[in-house]
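This report addresses selected backbone features and one pocket. The reader is invited to examine the structure before proceeding.

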Amino acid sequence: MSVLKDKLGKKIEEWRPRTTKLLKDYGDVKVGEVTISQVIGGARGIKSLTTDISYLDPFEGIRFRGFTIPEVMEKLPKVPGSEMPYVEGFFYLLLTGEVPGEKEALEVAEEFKKRQHVPEYVFNMLRQLPPESHPMAMFSAAIVAMQSESVFVKEYDAGLNKMEFWGPTYEDGLNLLAKLPAIAAFIYRLKYKNGDIIKADPKLDMGGNFAHMMGIKKPYDDVARMYFILHSDHESGNVSAHTGHLVASALSDVYYSISAMIDGLAGPLHGLANQEVLRWLQGVMEEMKGKIPSEEEMKKFVWDTLNSGQVIPGFGHAVLRKTDPRYTSQREFCLKHLPDYPLFKYVDVLYKVTPPILLEQGKAKNPWPNVDAQSGVIQWYYGLTEYDFYTVLFGVGRALGVVANIIWDRALGYPIERPKSITTAMMEEIAGIKK
Ligand SMILES: CC(C)(COP(=O)(O)OP(=O)(O)OC[C@H]1O[C@@H](n2cnc3c(N)ncnc32)[C@H](O)[C@@H]1OP(=O)(O)O)[C@@H](O)C(=O)NCCC(=O)NCCS
């Protein structure tokens with residue numbers, strides 16, 4: 001058994017009694033109350049999910065296994081010659097809750113390398129799709145196309161004890177994660193680089209190999225590592241993570257679950273917002289004929305967008321109530337590597353003027369920038385100008401967190417998800433509205 005799987009097995013054995021005790025002895029203890037506005041309003045803020053992989057504090061932002069983003073970046077072992085940690089080491093942290101040493105990170109990297117070969121039929125299928133297919137649709141299709149590879153399905157069909165579900169789920173999860181960078185890079189090169197595919201380099205780590213297969217030079221390998229880590233998880237209630245968990249709760253395998261997760265991520269209010277940001281900024285750039293707008297000029301663009309009934313992409317959040325630390329991390333990267341890049345300057349001005357305007361308008365509960373406000377600019381700077389592709393990068397990262405969650409869902413025996421719905425008439429009655 002691999003070091004990671006062995007370690008995880010021990011953690012699971014230790015953890016199971018906690019969940020069992022809560023359920024058996026404290027199952028009737030109330031966690032919260034639910035209001036009509038929450039029922040109509042997308043279940044916002046209802047505490048009805050559980051995960052130990054990450055927690056989102058509205059004012060502090062995300063913590064992965066208890067660590068803030070700066071702590072994660074500082075504590076995890078770095079790839080030699082790079083500023084960023086091994087993505088594989090980060091996955092070890094997500095899965096086990098322990099910070100790996102370099103030895104453990106390298107062992108996970110080896111595990112990924114053993115599993116990275118993508119079956120040829122996936123590439124053939126992608127080549128058959130219409131050229132106008134969105135990269136997210138291609139990505140989702142490629143993942144579900146591999147469903148017949150599921151180890152979980154084979155073992156389940158042969159008769160598998162519930163306590164053992166996590167083992168083959170772990171195999172499926174690692175098999176899939178190891179293949180995602182090659183599939184993503186293939187989609188990019190097929191769609192935008194005339195199908196000129198670059199083969200994987202078995203010497204490289206996940207982030208390094210991805211940059212190599214994309215055909216983008218250093219320090220894009222660090223951009224990839226940073227991007228995958230920052231986008232990996234944001235607790236369980238966001239659309240992509242929740243979709244992955246929901247589909248997996250029916251005991252659908254990791255391939256079905258992650259393909260569905262990608263579909264949720266493809267929406268403009270979720271993962272697609274990073275390309276919306278860039279589209280919006282490019283529009284401003286065109287009108288300004290490339291000149292950096294003054295704060296007054298930028299204010300006008302922001303108000304025009306709001307007055308036409310549209311949102312300012314990259315600002316606001318369903319849970320967060322301050323500047324997203326994932327934004328801050330990327331801003332620091334920009335300040336170090338591309339401080340004078342015009343598009344970064346645009347983002348900088350936008351950052352200064354937008355929050356006060358959103359506050360003045362008084363609608364958005366959070367006027368501060370989110371993860372998407374900055375990320376497209378970094379990609380553009382390194383030559384990845386095809387912004388339809390950006391959400392695929394998000395998807396590779398998000399899969400790390402969702403796979404870790406699904407493995408733990410299986411380990412702790414979480415049941416099929418089934419909230420209850422009520423009718424409008426029932427709510428009117430609860431509210432005491434007289435007909
Ligand atoms: C992220 C987002 C979908 C959260 O939605 P939410 O939880 O419903 O947000 P709120 O509760 O603050 O929304 C209240 C109102 O403020 C508006 N609002 C929120 N963010 C806004 C923004 N960035 N620009 C303009 N208006 C905004 C909403 O559209 C809503 O208006 P309505 O009452 O007319 O429907 C929303 O902030 C948004 O659309 N942001 C822009 C897209 C984006 O950056 N998405 C990436 C998220 S990581």
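## Basis of the description

Helices, written α, are DSSP runs of H or I with at least four residues, and they are numbered from the N terminus. The structure discussed here is a predicted model.

## The second largest pocket

The second largest pocket holds about 470 Å³ of space. Its lining consists of 27 residues, of which Phe123, Ala182, Lys199, Ala200 and Met213 are the closest to the centre. Two or more lining residues come from each of α5 (102-114), α6 (120-128), α9 and α10.

Helix α9 provides the largest share of this lining, with 7 residues. Sorted by class, the lining of the second largest pocket comprises 17 nonpolar, 3 polar and 7 charged residues.

## Positive phi values

Two residues other than glycine are described here for their positive phi. Ala43 has a phi near 60 degrees and is located in the loop between α2 (36-40) and β1 (54-57). Ala43 counts as partly exposed because its relative accessibility is 43%, and the partly exposed class lies between the cut-offs of 20% and 50%.

For Asn194, phi is near 55 degrees, again a positive value in a residue other than glycine. Asn194 belongs to the loop between α9 (166-192) and α10. With a relative accessible area of 80%, Asn194 is exposed, since that class requires over 50%.

## A cis peptide bond

Lys218 and Pro219 are joined by a cis peptide bond, with omega about 5 degrees. Pro219 is found in the loop between α10 (206-214) and α11 (220-230).

Terms used: Residues are numbered from 1 along each chain as its sequence is written. This is a predicted model: local features need pLDDT of at least 70, side-chain atom pairs count only at pLDDT 80 or more; totals for chains, interfaces and linings use all residues. Side-chain values use heavy atoms; hydrogens and water are left out. Buried means under 20% relative accessible area, exposed over 50%, partly exposed in between (1.4 Å probe, protein chains only). On a 1 Å grid over the protein atoms alone, a cavity is a set of points where a 1.4 Å probe fits but cannot get out, and a pocket is an open set with protein on both sides within 12 Å along at least five of seven lines; lining residues have an atom within 4 Å of a point. Grid points are joined across faces, edges and corners, and a volume is the space filled by probe spheres set on the points. Ala, Val, Leu, Ile, Met, Phe, Trp, Tyr, Cys and Pro count as nonpolar, Asp, Glu, Lys and Arg as charged, and the others, Gly among them, as polar.
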